[in-house]
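Grab a pencil and work through these exercises with the model open beside you. Each one sets a task and then walks through the solution.

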Amino acid sequence: MLIEEGMLHLVDIQLLTRAFKSFTALTGLNFALYDDRENLVIAPAREDPVLSVMKTSRKGQEIYARFLEENLKLSSKKTKAHLARGPAGQFHLFIPVRYKEINLVALGEAFYPAMEDFVRFYEEMGPEYGLLEKDPVEWSREINVLPAGTAECYIEAIQPLLENIIASGYEKGELSKHWQWSKTIINLAANIKSSTSLNEIRQMIIDTVIFLFNIDTVAIFSLRDGYFCPEAAGGRNRDVVSRFRIAGSNKFIAGAMMSDIPVSAMDSYKLWHNGFPDEIISMYLFPICSGTGMNGFLGVFNTLLGREAFDSINEICRITAYFLDVRNMGEEFDRKSVSLKMLTETTSQLYEFYKEPQKLYESIVAEAANIAGAEKCSLMLPEDGGDVLAISAVKGTSPWLMKDVRVRRGEGIAGKVYEQGAPILIDGEERMRDYAVSPKPLFKTASCLSMPLKVSGEVVGILNLSDKQTGESFSDADLMVLGPFALHASILLKLSHFYNTSQKMRELSITDPLTGLFNRRYFDVRLEEEFQRARRYGLSFSLAIMDIDDFKALNDTEGHMAGDHVLKELALIMNSSIRANDILVRFGGEEFAIIMPQTSKEEAFNVVERIRSNISTLMFRALKAFPGKRLTISTGIAMYPDAGEQIEKLIICSDRALYRAKMGGKNRSVLWEPDWGRRPG
């Protein structure tokens with residue numbers, strides 16, 4: 001197994017070096033360490049003297065190199081240590097040391113099992129390798145003589161010690177690495193502020209991945225127009241990757257999108273065949289996806305990843321998806337805040353029209369069309385007890401064409417929306433047929449949107465939109481955009497309805513149902529208002545009370561229906577004869593009253609005389625009991641403040657003046673005078 005680049009940093013070299021020195025002191029052997037590529041990692045403290053002399057010759061070097069290579073390869077495949085006799089007749093200890101991805105070999109050299117073994121080698125090969133410069137006695141003080149059984153005991157003790165040292169260093173290095181990774185990722189998260197842009201977030205992620213995992217080239221891709229295009233890149237081939245885009249139909253992309261798990265390709269030919277640049281010889285694609293969907297991919301190029309690096313980058317991509325989601329939500333929030341502000345401004349303007357229903361309807365239609373980008377829009381409201389919809393306002397179509405259109409509950413698209421209380425989105429003719437309707441010549445497209453305007457579950461209206469200005473079909477996005485506006489529009493319609501209902505009720509409460517004039521209740525309120533205003537500002541105003549002459553005789557001879565008809569006619573004549581500011585009321589029975597603000601009694605006299613004259617001229621009805629006699633009225637007039645400082649006094653004085661008119665022969669107007677005293681007449 002290959003040690004990944006950078007894996008040796010997990011080996012505690014200093015601790016192993018100290019351990020080798022201790023082993024040498026205990027055994028007399030010199031220890032070295034090799035990796036699985038036969039590279040020397042830790043050199044021996046000193047070289048064996050026999051081998052040192054032997055390797056001074058080319059032949060000796062070659063023989064020893066072959067011996068070392070063969071046994072290192074053998075040890076890298078084995079788990080047990082072994083003794084091997086070398087070219088100098090010595091024994092060498094080959095001790096495999098493995099832990100996870102680390103595969104090392106410790107070499108202890110060299111020793112002879114007995115002095116006789118050295119002497120034999122000395123006599124046979126000494127001349128060839130230059131050993132004869134010293135005699136065997138001198139050599140005996142330098143060589144190691146160790147029984148084979150003792151050496152095997154050393155192996156059994158040394159191998160687990162080395163494995164524990166390697167494991168300890170590995171775990172310590174892993175902890176240190178993970179701590180560094182965690183620290184870097186935490187720092188990354190801490191540096192991503194609410195103001196950090198999407199591009200800045202992407203570049204920070206790329207820089208982090210390159211720094212932590214020693215990556216050649218990294219890029220983040222997002223989908224645009226059917227292609228995954230690089231939004232940010234870093235590393236040696238960033239310029240190449242920055243110009244590259246991957247089709248959404250690419251098999252690597254498709255595989256990653258379907259499974260939401262990373263994909264890899266180590267075959268440069270396959271990559272080239274799938275449209276990747278020649279400079280890309282390996283690739284990993286890590287999906288950047290979360291619960292909200294796919295944000296894109298992080299691509300790692302021209303680097304072989306270990307399992308832990310692979311898993312860590314995958315986790316970083318998940319964190320990246322979270323960061324991007326948060327930023328996207330932030331930008332979406334900003335966009336919606338702007339939209340909400342605009343909506344608030346728009347609806348606040350619409351609230352100005354709740355007292356004017358038709359203006360409100362037209363404004364709702366115009367604004368809904370503007371929000372959805374629709375050329376045509378209509379507002380339908382219930383009528384006839386709520387089972388029929390009628391068009392109240394339109395945009396993009398002539399109003400007179402739509403004025404007689406009626407839709408019953410459950411009929412067509414709008415009728416279904418009215419019945420079900422849920423919007424209907426039509427994106428083509430086929431969907432339109434589901435509602436037994438077909439495209440109309442007036443409309444450019446077969447796409448339309450019909451949505452209810454609801455308040456507390458009650459459908460108060462239907463908005464219909466058609467023909468988007470772009471020519472596209474309506475979508476769920478249009479529903480989402482129109483939703484808040486529809487809520488405000490619904491409330492406005494309900495408010496307008498309540499206001500107009502209250503106005504009608506108010507009119508009914510202050511209106512005489514027979515004549516249509518104000519009634520006694522309204523008279524009392526307005527008289528009090530005029531009295532307070534006149535007293536506060538030092539003004540004068542007049543009150544006239546009128547009574548139909550001989551009205552009882554009319555009722556007795558011609559019936560009450562005839563009497564009601566006379567009252568209506570008289571009300572019309574009186575109403576057309578008064579001034580704009582005068583307040584005409586039916587005071588009770590056959591009596592009427594007129595409040596005349598800022599009017600002297602002389603001016604008031606002219607007004608009532610005009611009324612009396614018009615009645616005399618325009619009322620042709622004669623009384624059966626008095627042939628030849630026409631209907632006439634008598635009027636009494638009093639003015640504030642001449643009549644006193646109390647409202648009741650003003651009414652009494654007007655009534656006294658009316659009494660004088662009756663006693664004076666009827667069909668006349670009489671002004672109250674202060675010198676009349678308490679008794680009428």
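**Exercise 1.** What should the 16 residues of helix H12 (residues 357-372) span at 1.5 Å a residue?

Before the solution, some ground rules. This is a predicted model, where local features need pLDDT of at least 70, side-chain atom pairs count only at pLDDT 80 or more, and totals for chains, interfaces and linings use all residues. Residues are numbered from 1 along each chain as its sequence is written, and side-chain values use heavy atoms, with hydrogens and water left out.

*Step 1.* Helices (H or I, at least four residues) and strands (E, at least two) are DSSP runs, numbered from the N terminus. The expected span of a helix is 1.5 Å times one less than its number of residues.

*Step 2.* For H12 that comes to 22 Å, and the end C-alpha atoms sit 23 Å apart, so the two agree.

*Step 3.* Now see what H12 tucks away. Buried means under 20% relative accessible area, exposed over 50%, and partly exposed in between (1.4 Å probe, protein chains only). On that scale, the buried residues of H12 are Leu360, Tyr361, Ser363, Ile364, Val365, Glu367, Ala368, Ala369 and Ala372.

*Step 4.* They pack against helix H11 (307-350), strand S12 (374-383), strand S13 (388-395), S17 and helix H16 (476-510). Contact here means heavy atoms within 4.5 Å.

*Step 5.* After H12 comes glycine 373, with a positive phi near 65°.

**Exercise 2.** Give H21 (647-663) the same treatment: how far does H21 reach, and what covers its buried residues?

*Step 1.* H21 has 17 residues and runs 25 Å from its first C-alpha to its last, close to the expected 24 Å.

*Step 2.* Its buried residues are Ile647, Leu650, Ile651, Cys653, Ser654, Arg656, Ala657, Leu658, Ala661 and Lys662.

*Step 3.* The cover over them includes helix H17 (520-537), S18, strand S19 (583-588), strand S20 (591-597), S21 and strand S22 (669-671).

*Step 4.* Glycine 665 follows H21, and its phi is positive, near 120°.

**Exercise 3.** Work out how H19 (residues 560-577) and H20 (residues 601-618) pack: at what angle do their axes cross?

*Step 1.* Axes are lines fitted to C-alpha atoms, for helices over the stretch in contact, and angles run from 0 to 180 degrees between N-to-C directions. The H19 and H20 axes come within 9 Å and cross at roughly 140°.

*Step 2.* Angles under 35 degrees count as roughly parallel, over 145 as roughly antiparallel, 65 to 115 as roughly perpendicular and the rest as oblique. H19 and H20 are therefore oblique to each other.

*Step 3.* H19 brings Leu570, Ile573, Met574 and Ser577 to the contact, while H20 brings Arg610, Ile611, Asn614, Ile615 and Leu618.

*Step 4.* Sort them by class: Ala, Val, Leu, Ile, Met, Phe, Trp, Tyr, Cys and Pro count as nonpolar, Asp, Glu, Lys and Arg as charged, and the others, Gly among them, as polar. That gives six nonpolar, two polar and one charged for the contact of H19 with H20.

*Step 5.* Zoom in on asparagine 614 of H20. Its relative accessibility is 25%, so asparagine 614 counts as partly exposed. Beyond neighbours within four places in sequence, asparagine 614 touches Ile573, Ser577 and Met619.

**Exercise 4.** Which residues of H18 (551-558) meet H19?

*Step 1.* The two helices pack at about 135° with axes 7 Å apart. H18 and H19 are therefore oblique to each other.

*Step 2.* Phe551, Leu554, Asn555 and Glu558 in H18 meet His560, Ala562, Gly563, Val566 and Leu567 in H19. By class, the contact of H18 with H19 holds five nonpolar, three polar and one charged.

*Step 3.* Is valine 566 of H19 buried or exposed? Its relative accessibility is 0%, so valine 566 counts as buried.

**Exercise 5.** Track down some backbone oddities: where are the cis peptide bonds, and which aspartates have positive phi?

*Step 1.* One cis bond joins glutamate 109 and alanine 110, with omega about -15°. Alanine 110 is in strand S5 (residues 102-111).

*Step 2.* Another cis bond runs from tyrosine 640 to proline 641, with omega near 15°. Proline 641 is in the loop between strand S21 (633-640) and helix H21.

*Step 3.* Aspartate 467 has phi near 55°, a positive value in a residue other than glycine. Aspartate 467 is in strand S17 (residues 458-468) and is buried, at 1% relative accessible area.

*Step 4.* Aspartate 550 also has a positive phi of about 55°, and is in the loop between strand S18 (541-548) and helix H18.
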